[in-house]
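Work through the exercises below with the structure open beside you. Try each task before reading its solution.

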Amino acid sequence: MASPSPSPPLSLNSTVSPNFKSVITTLPLAKLSLKATNFLFLRTTPPASSLNAISPKPLCNYAVPNANRAGVSRRYGGATGRESARSPYKTQPLERRKKSQLQKPNPNDNNLNNQNDNDPLRKNLQSADLIALCHDGKIEEVLELMGDGVSADYNVFSALLDSCRDPKSLEVGKRVHEFLKRSPSRGDIELNDKLIKMYGNCGSMKDARKVFDRMTERSRSSWHLMINGYSVNGIGEDGIFLFEEMKKVGLDPDRESFLAVLAACASAEAVEEGLQYLESMTSEYGIMPGIEHYLGVIDVLGKSGHLNEAEEFIEKMPVEPTFEVWETLRNFARIHGDLELEDRVEELLVAMDPSKAIANKIPLPQRKRHSATNMLEEKNRVTEFRCSNPYKEEAYQKLKGLNGQMRQAGYVPDTRYVLHDIDEEAKEQALQYHSERLAIAYGLISTPPRTTLRIMKNLRICGDCHNAIKIMSKIVGRELIVRDNKRFHHFKDGKCSCGDYW
């Protein structure tokens with residue numbers, strides 16, 4: 001019976017599938033007792049459309065006996081004549097050999113691995129225009145490419161950190177920070193300054209301080225960013241302390257330094273310190289204060305409620321008060337309810353610039369009513385809450401339970417913040433379901449215990465919610481960070497970083 005015709009030999013580039021090509025290299029075994037046995041190494045080359053450049057390592061190695069030598073025993077990896085005729089290419093079990101007979105590595109094998117260096121796929125990834133993607137707002141795509149091995153330089157990291165200015169970008173900024181830690185640019189002062197600014201804008205001063213403390217070299221800008229970050233987040237005391245530390249390390253403050261420390265004094269309501277710093281500008285450092293420094297002192301006095309002192313300070317200023325100076329005083333008088341001072345300053349503003357005063361009197365069309373919106377950042381995603389839409393029955397139930405605990409802790413609803421003409425019970429009900437409270441309730445049931453919650457609000461937080469969230473922070477034992485359209489509020493242990501002023 002005639003044996004079937006043998007299968008055609010494999011070519012070097014024979015196609016195995018539409019997406020992969022097999023490259024077969026025959027390596028002779030020079031020092032083995034069975035010279036007829038050859039080893040085949042199979043390497044798969046990924047198509048050009050693949051996203052991951054895979055290292056071309058051998059997937060398998062196996063022995064193929066020589067079909068022409070029918071007399072070789074199967075025990076030694078050969079095949080009988082009948083088996084050879086039946087299937088000349090059938091794979092046989094690997095033969096057992098001593099360690100001395102094992103094949104030594106062939107230096108030519110390195111050529112297979114070196115081919116990956118010239119892989120066009122890897123070149124395409126390395127030449128990806130990450131900066132253009134950053135400018136297009138495709139931050140997630142940039143981070144995915146960097147995770148796939150695309151290298152990023154100073155300009156890429158700078159563009160990424162500039163895109164994380166929004167308070168909702170904290171988690172994205174942390175991912176960028178992790179990539180920067182493994183980058184050669186991790187010691188760059190300007191990039192670390194951008195990290196400090198990013199964390200400060202997102203209300204995470206602990207992370208900003210970690211970056212600051214790990215910097216081997218710091219510029220004045222690094223100190224200024226930290227002090228301003230403390231001021232914006234209502235931790236002015238730490239800003240003042242850091243200013244003193246800057247002087248101890250030998251850095252003389254400049255004009256920007258005094259602007260930063262005056263903002264910290266305003267945040268901490270440190271009136272005496274603010275006036276002392278203004279005096280030390282000329283007496284110790286020979287710096288003539290500008291109008292912006294005098295405005296900083298007015299902020300210190302105004303936020304502390306010293307309106308008469310602020311007015312007296314303006315009248316004794318060595319420079320002519322500008323419209324902005326009197327406007328700042330009028331705003332503080334309006335906030336603290338000093339109607340007499342507000343009317344008096346308003347007359348001065350009309351005398352200085354009648355056009356602006358008239359413009360303020362022109363009746364404007366009624367503004368479109370905006371619903372309060374809160375953005376809760378939790379579990380690496382942002383959830384939006386609107387007071388006009390019901391959200392999550394679980395959040396309502398959680399809020400009801402919290403209200404009972406808050407009443408026991410001494411919370412009394414302040415219905416003055418409800419402007420609708422309804423009865424007292426309905427006003428208390430309306431206050432109970434303000435959007436920031438719903439956002440906090442949902443965060444409590446959807447995050448692990450002790451997790452810090454960050455709430456971004458598009459409107460100014462009302463006084464009743466401010467008092468309620470202070471009590472909430474003490475009950476739940478968490479730090480609740482609320483960013484309204486004015487400032488950050490860090491609620492912790494029943495207190496707020498703003499000192500009940502915002």
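**Exercise 1. The chain as a whole**

Among contacts in the chain between residues at least 6 apart in sequence, what percentage join residues at least 24 apart?

Solution. The model is a predicted one. Take the contacts between residues at least 6 apart in sequence; 60% of them join residues at least 24 apart. Next, look at the secondary structure, which comes to 22 helices and nine strands. Then turn to burial: the chain has 502 residues, and 42% of them count as buried. Last comes the surface, with an accessible area of about 29,400 Å², of which 50% belongs to carbon and sulfur atoms.

**Exercise 2. An annotated span**

Find the residues covered by the UniProt annotation "repeat: PPR" and describe that span.

Solution. According to the unreviewed UniProt entry, the annotation covers residues 219-253. In the model, this span is 74% helix and 0% strand. Its end C-alpha atoms lie 12 Å apart.

**Exercise 3. Two helices**

Decide how helix 12 and helix 13 are oriented to each other, and list the residues that make the contact.

Solution. Step one is to locate the helices: helix 12 spans residues 255-268 and helix 13 spans residues 271-283. Step two is the geometry: the two axes come within 9 Å and cross at roughly 165°. Angles over 145 degrees count as roughly antiparallel, so helix 12 is roughly antiparallel to helix 13. The crossing of helix 12 and helix 13 is left-handed. Step three is the contact itself. Helix 12 contributes Phe 258, Val 261, Leu 262 and Cys 265, while helix 13 contributes Glu 273, Gly 274, Tyr 277, Ser 280 and Met 281.

**Exercise 4. Leu 262**

Is Leu 262 buried or exposed, and which residues does Leu 262 contact beyond its neighbours within four places in sequence?

Solution. Leu 262 lies in helix 12. Its relative accessibility is 2%. Buried means under 20%, so Leu 262 counts as buried. Leaving aside neighbours within four places in sequence, its contacts are Gly 274, His 293, Gly 296, Val 297 and Val 300. As a distance check, the C-alpha atoms of Leu 262 and Gly 236 are separated by 9.4 Å, and these residues are 26 apart along the chain.

**Exercise 5. Arginines 330 and 478**

Place Arg 330 and Arg 478 in the secondary structure, then classify each by accessibility.

Solution. Arg 330 is found in helix 16, residues 323-335. At 9% relative accessibility, Arg 330 counts as buried. With neighbours within four places left aside, Arg 330 contacts Glu 342, Val 345, Glu 346 and Leu 349. Arg 478 lies in the loop between helix 22 (463-476) and strand 7 (480-483). Arg 478 is buried too, with a relative accessible area of 6%. Among the residues that Arg 478 touches are Thr 447, Pro 448, Arg 450 and Phe 491.

**Exercise 6. Positive phi**

What is the phi of Arg 450, and what is the phi of Asp 493?

Solution. Start from the rule that most residues other than glycine have a negative phi. Arg 450 has a positive phi of about 70°, and Asp 493 has a positive phi of about 55°. Now locate each residue. Arg 450 is in the loop between helix 21 (435-446) and strand 6 (453-457). Asp 493 is in the loop between strand 8 (488-492) and strand 9 (495-496). Finally, classify them: Arg 450 counts as exposed at 64% relative accessibility, and Asp 493 counts as exposed at 55%.

Notes
Residues numbered from 1 in each chain as written. Predicted model: local features only at pLDDT ≥ 70, side-chain atom pairs only at ≥ 80, totals over all residues. Heavy atoms only, no water. Helix = DSSP H or I, 4+ residues; strand = E, 2+ residues; numbered from the N terminus. Buried < 20%, exposed > 50% of the residue type's maximum accessible area, 1.4 Å probe, protein only. Contact = heavy atoms within 4.5 Å. Areas by Shrake-Rupley, 256 points an atom, 1.4 Å probe, with all protein chains shown as cover. UniProt positions renumbered as here; feature names shortened; annotations may be inferred. Axes fitted to C-alpha atoms, helices over the stretch in contact; angles between N-to-C directions. Parallel < 35°, antiparallel > 145°, perpendicular 65-115°, else oblique. Left-handed = near helix turned anticlockwise from the far one by under 90°.
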